[in-house]
Amino acid sequence: MNEAANLVTTFGGRFDPFESPPASGLGKVRAPGEASRFGSTSSPNVRRVATIMRLQDRIAVVTGGARGIGFATAQRFIEEGARVVLFDLEEKAVAAAVEKLGELASGHVVDVRESEQVRRAFDTVESSCGPVEILVNNAGITRDAMLHKMDDASFDAVIGVNLRGVFVCGREAATRMRERGRGVILNTSSVVGIYGNVGQTNYAATKAGVIAMTTTWAKELGPRGVRVNAVAPGYTNTEMMQTVPEKVLEILRSKTPLRRLATPQEIAAAFAFLASDDASFINGHVLSVDGGLTL
Ligand SMILES: NC(=O)c1ccc[n+]([C@@H]2O[C@H](COP(=O)([O-])OP(=O)(O)OC[C@H]3O[C@@H](n4cnc5c(N)ncnc54)[C@H](O)[C@@H]3O)[C@@H](O)[C@H]2O)c1
């Protein structure tokens, strides 16, 4: 597929760095969440927070941004003034996400495992929009099974997206950012990358590997002006959790001191903080956003 075919939409051909942000982003008040089969994600202790514009005019790539945590992150970044490019697999999902996000979003159909696709997509973004200053490595999959039942294909599939994909996109971004002496790379780990989880040999290995890449890159790239951090979400209300039976969800809620799952927006808020200059001296950190599950 050529670059033009990969490009789902552009920024509408209009971008003025001095222009006001979209009306939807100004002083927007966000609700903490809504009830679903995952249980209520609202809490009397979550106050509504006015969005501030910490990412004004930054250009961010969010992998796996067509839904879930990636979509919520793209939305939050745009609310804070960024222009966001989604890299995701499914053309229709990317187009629908871009449509919802508005004119500060664009998208590419990219498989994060494929170096050449990733390189071409970065080239296109940078030639049409400018230097990518933030990369959120968020694309991820699960193929759960107990160790004795896990086949080679399930193991390799998860390693391919969650580990190789992070490496491929991270390398592409780092090569460009280190030359410019500026940038932020954010990786998505998980609580299970720290503590392990029954039935997730492949997934837990990748999420632990993501932590190792984060700390390694923080050391390599810090001297070149590039910060690298990770977020380790707890169980979060997204499609990835659809296959988890209600009985298990109930156990997860009861093990979490805040007694609920996270909303994708709560994970997005951590990414927005780490991407912003509010985190200007934070490098090589893994920020748990898990309601205290891992205590
Ligand atoms: N949901 C949770 O409870 C949870 C907890 C901890 C960590 N995480 C991590 O957060 C990240 C996002 O999870 P989510 O729950 O939003 O998942 P999700 O399944 O809702 O969304 C994942 C997105 O990644 C995209 N994707 C998958 N393979 C891809 C590839 N090869 N190239 C490009 N895009 C690809 C999918 O199309 C999808 O849009 C993942 O890395 C996941 O491991 C999720």
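**Entry 1: strand S5**

I started at strand S5, residues 134-137, in this predicted model. Ile-134 and Val-136 point one way from the strand. Leu-135 and Asn-137 point the other way. I found all of them buried.

Next I looked up the partners of S5. Strand S2, residues 59-63, runs parallel to S5, and three bridges join the two. One pair I noted is Val-61 with its bridge partner Leu-135 in S5. S5 also pairs with strand S6, residues 183-188. That pairing is parallel too and has four bridges. Here Asn-137 stands opposite Asn-187 of S6.

I then followed the chain between these strands. S5, H5 and S6 form a β-α-β unit, and its hand is right.

**Entry 2: strand S6**

How many residues of S6 are buried? I count six of six, so the strand is mostly covered by the definition of 20 or more other C-beta atoms within 10 Å. I checked the two faces separately. One side carries Gly-183, Ile-185 and Asn-187, all buried. The other side carries Val-184, Leu-186 and Thr-188, also all buried.

S6 has a further partner in S7, with six bridges in the parallel sense. In that pairing Thr-188 has Val-231 of S7 as its bridge partner.

**Entry 3: Val-231**

That took me to Val-231, which sits in strand S7, residues 226-233. Is Val-231 buried or exposed? It is buried, because 28 other C-beta atoms lie within 10 Å and the cut-off for buried is 20 or more.

I listed what Val-231 touches, leaving out residues up to four places away in sequence. From S6 and just after it in numbering, I wrote down Leu-186, Thr-188 and Ser-189. Further along the chain I wrote down Ile-267, Ala-270, Phe-271, Leu-274, Leu-287 and Val-289. I also took the distance to Ala-270. The two residues are 39 apart in sequence, yet their C-alpha atoms are 7.2 Å apart in space.

**Entry 4: the nonpolar core**

I moved on to the largest nonpolar core, which holds 70 residues. Which members touch the most other members? They are Ala-60, Val-84, Leu-86, Leu-186, Phe-271 and Ala-275. Leu-186 and Phe-271 were already in my list for Val-231.

I took Ala-275 from that group for a closer look. Leaving aside neighbours within four places in sequence, Ala-275 is in contact with Leu-55, Ala-60, Phe-77, Ile-134, Val-184 and Leu-186. Ile-134 belongs to S5, where I began.

**Entry 5: Phe-87**

Phe-87 is in strand S3. I scored Phe-87 as buried because 31 other C-beta atoms lie within 10 Å. Its contacts, again without neighbours within four places in sequence, include Val-61, Thr-63 and Gly-65. The others are His-108, Val-110, Val-112 and Ala-121. For Val-112 I noted 25 residues of separation in sequence and 7.7 Å from C-alpha to C-alpha.

**Entry 6: the ligand shell**

I counted 30 residues around the ligand. The closest are Gly-64, Gly-68, Gly-140, Thr-238 and Met-240. Helix H2 (68-79), strand S3 (83-88) and helix H5 (152-180) each give two or more residues to this shell. Which element has the largest share? H2 does, with three residues. By type, I sorted the shell into 13 nonpolar, eleven polar and six charged residues.

**Entry 7: positive phi**

I also checked two residues with positive phi that are not glycine. Asp-57 has phi near 70 degrees. Asp-57 lies in the loop between strand S1 (7-9) and S2. I class Asp-57 as partly exposed, because 16 other C-beta atoms lie within 10 Å.

Arg-259 has phi of about 60 degrees. Its place is the loop between helix H8 (246-255) and helix H9 (264-275). Arg-259 is partly exposed as well, because 13 other C-beta atoms are within 10 Å.

**Entry 8: the whole chain**

Last, I took the overall numbers. The chain has nine helices and eight strands. Of its 295 residues, 44% are buried. I also looked at contacts between residues at least 6 apart in sequence. Of these, 72% join residues at least 24 apart.

Note on methods: Residues numbered from 1 in each chain as written. Predicted model: local features only at pLDDT ≥ 70, side-chain atom pairs only at ≥ 80, totals over all residues. Near = placed C-beta within 6 Å. Nonpolar A, V, L, I, M, F, W, Y, C, P; charged D, E, K, R; others polar. Buried ≥ 20, exposed ≤ 12 C-beta atoms within 10 Å, placed from the backbone. Contact = placed C-beta atoms within 7 Å. Pairing = 2+ DSSP bridges. Right-handed = clockwise from strand over helix to strand, strands pointing away. Core = buried A, V, L, I, M, F, W, Y, C linked by C-beta atoms within 7 Å.
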